[in-house]
Amino acid sequence: MIGSSVDAAMATNSTFLSALSPVSSPLSPVSRVRRLGGDLALAIALAGWSVVLEAGRLGLWPRTGLDWVVSGDSEAKIGWEMAAAVEVLALLARHRLPVLAYFAAVLAAGCHLGDLLIRISPIDLAAPVTLYTAALKASLRHGPLALLGTGLLGATTAAVIWERVLPAWWSLSPSENVTMWVMNLAVPVAALVPAWLAARTRRHELLLLRERADHLERERDQRAALAAAAERARINRELHDAIGHNLSVIVIQTQAAAGVLDQDPDLARESLAHVVSVGQDCLADVRNLFRTGTGTDTGTGTDPASLVPPAGLAQLPDLIERVRQAGLPTDLNAGPRLPRLPHLVDLAAYRIIQEALTNAMKHGGNGATASITLDCHDDALHVGITDTGAGHCAGAEQGPGIPACGNGLRGIRERATALGGTAEAGPLPTGGFHVHATLPLEPRP
């Protein structure tokens, strides 16, 4: 479940981006039809509103309004209707051809602005709507600003040119002419600047969301890499403990069998049989380790005879028996009432004891003995392993209380600290070696 919260946040960000950005992802055919239907409804509503409004303002509605719409050949009416048709088409094409639709809508709205008889109408809202769409789709950083400047210049120029084309302009007084110039400049600014600001704000929001999504993706990858490294370290530690101990027993038993092969073949065969048993146990541990590590369902398609219970203190008597057969007398002193241990604590305690006994067999020498103590108090399991051997580790410490004498003792310390506990090891003043670990019953990984 590593990184599940990050994945959920990334999914939420993806949903936001899809909702806010018109180009965030390819649309399905149903979504395209639905979007086109919305644009068509908007265009029809604005065009109808404009026709009713202008016909009513000119006193042509309702009795002669329809006649004015469908008939008549005045330059003002024909020009207004052509510009309105261009704006309707621009609204329908604003998602597929955003820049072209915007420029067409701006020029058409400019023509309406320069018409001294009918002037601007609701259909001219196509200009700011198409600007908003084109600004959101612009790929360049300053693209929206360029679209705004071009639109202002185009609308004003179209208005001025259209005023000179229509005869009504020639009857304007000087004061009315000045008013027209002011309107030609002010109206495009009032219509297009708010749309540009809205698109700029939305682009900034989308940029922040994308940056957050990228950050969460990098964090997820880092978590996955750390989890993979931790899993590799765990498998290496388990392999070291499982294989290292069993190989030590195998080597010792094989050496013993070779030493008595000529004098006592029966004893040699007994030692070799023990070697076979230990080897089988080692293979079972490795299979169980990789089955657990890969998440394989051991209850499906698996021979029940091959199933091995996970390592834990329940297997401690078998471990002690193998160590005794390898030549290291070992006794166990357990507390009167050991509680049911969490799996991680149970596994760590077993592996710590296994590693300590392996070191005792390797370095203890002839005549060494070992003693194991298990006790629970202060909400922790206390594990102690003491041997009477002559060999011990020396040198600089790997950590608090852990001498530098190989990977085994370092693994003991890592197991304890991973659960929020402590571990210490070292030679005893009277000879021998001891390992002590404190494992909280509620591990804190």
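User: Which residue in the turn of the hairpin formed by E2 and E3 has a positive phi?

Analyst: This is a predicted model, where local features need pLDDT of at least 70, side-chain atom pairs count only at pLDDT 80 or more, and totals for chains, interfaces and linings use all residues. Residues are numbered from 1 along each chain as its sequence is written, and side-chain values use heavy atoms, with hydrogens and water left out. Strands (E, at least two residues) and helices (H or I, at least four) are DSSP runs, numbered from the N terminus. E2 and E3 have two residues between them, and the turn residue with a positive phi, about 55 degrees, is Asp 378.

User: How many bridges join E2 and E3, and in which sense do they pair?

Analyst: Two strands pair if DSSP finds at least two bridges between them. E2 covers residues 370–377, and E3 covers residues 380–387. Ile 372 faces Ile 385 across this pairing. The strands are joined by eight bridges, and the sense is antiparallel.

User: Which residue in E7 stands opposite Asp 387?

Analyst: Strand E7 runs over residues 433–440. E3 pairs with E7 in the antiparallel sense, over eight bridges. Opposite Asp 387 stands Phe 433.

User: How many of the eight residues of E3 are buried?

Analyst: Buried means under 20% relative accessible area, exposed over 50%, and partly exposed in between (1.4 Å probe, protein chains only). E3 is mostly covered. Its buried residues number seven.

User: Is Glu 355 buried or exposed?

Analyst: Glu 355 sits in helix H11, residues 343–363. Its C-alpha atom is 9.9 Å from that of Ile 385, which is 30 residues away along the chain. Because its relative accessibility is 5%, Glu 355 counts as buried.

User: Which element gives the largest share of the largest nonpolar core?

Analyst: A nonpolar core is a set of buried Ala, Val, Leu, Ile, Met, Phe, Trp, Tyr and Cys residues joined through side-chain atoms within 4.5 Å. The largest one has 41 residues, and those with the most contacts inside it include Ile 353, Leu 357 and Ile 385. The largest share of this core is 11 residues, from H11.

User: Which residue of E3 does Leu 357 touch?

Analyst: Contact means heavy atoms within 4.5 Å. Not counting residues up to four places away in sequence, Leu 357 touches several residues, among them Leu 328, Ala 370 and Ile 372. Its partner in E3 (residues 380–387) is Ile 385.

User: What is the end-to-end distance of the C-alpha atoms of helix H6?

Analyst: The expected span of a helix is 1.5 Å times one less than its number of residues. H6 has 12 residues, 126–137, so 16 Å is expected. The distance between its end C-alpha atoms agrees, at 17 Å.

User: How many residues of H6 are buried?

Analyst: H6 is mostly covered. Among its buried residues are Ala 126, Pro 128, Leu 131 and Lys 137. Of the 12 residues, the buried count is 10.

User: Why does the pair of Tyr 102 and Phe 103 count as tilted?

Analyst: Rings of Phe, Tyr and Trp (its six-membered ring) pair if their centres lie within 6.5 Å; planes under 30 degrees apart are stacked, over 60 edge-to-face, and the rest tilted. By this rule there is one aromatic pair. The two ring centres are 5.5 Å apart and the planes meet at 40 degrees, so the pair is tilted.

User: What percentage of the residues of the chain count as buried?

Analyst: The chain has 12 helices and seven strands. Of its 445 residues, the buried part is 38%.
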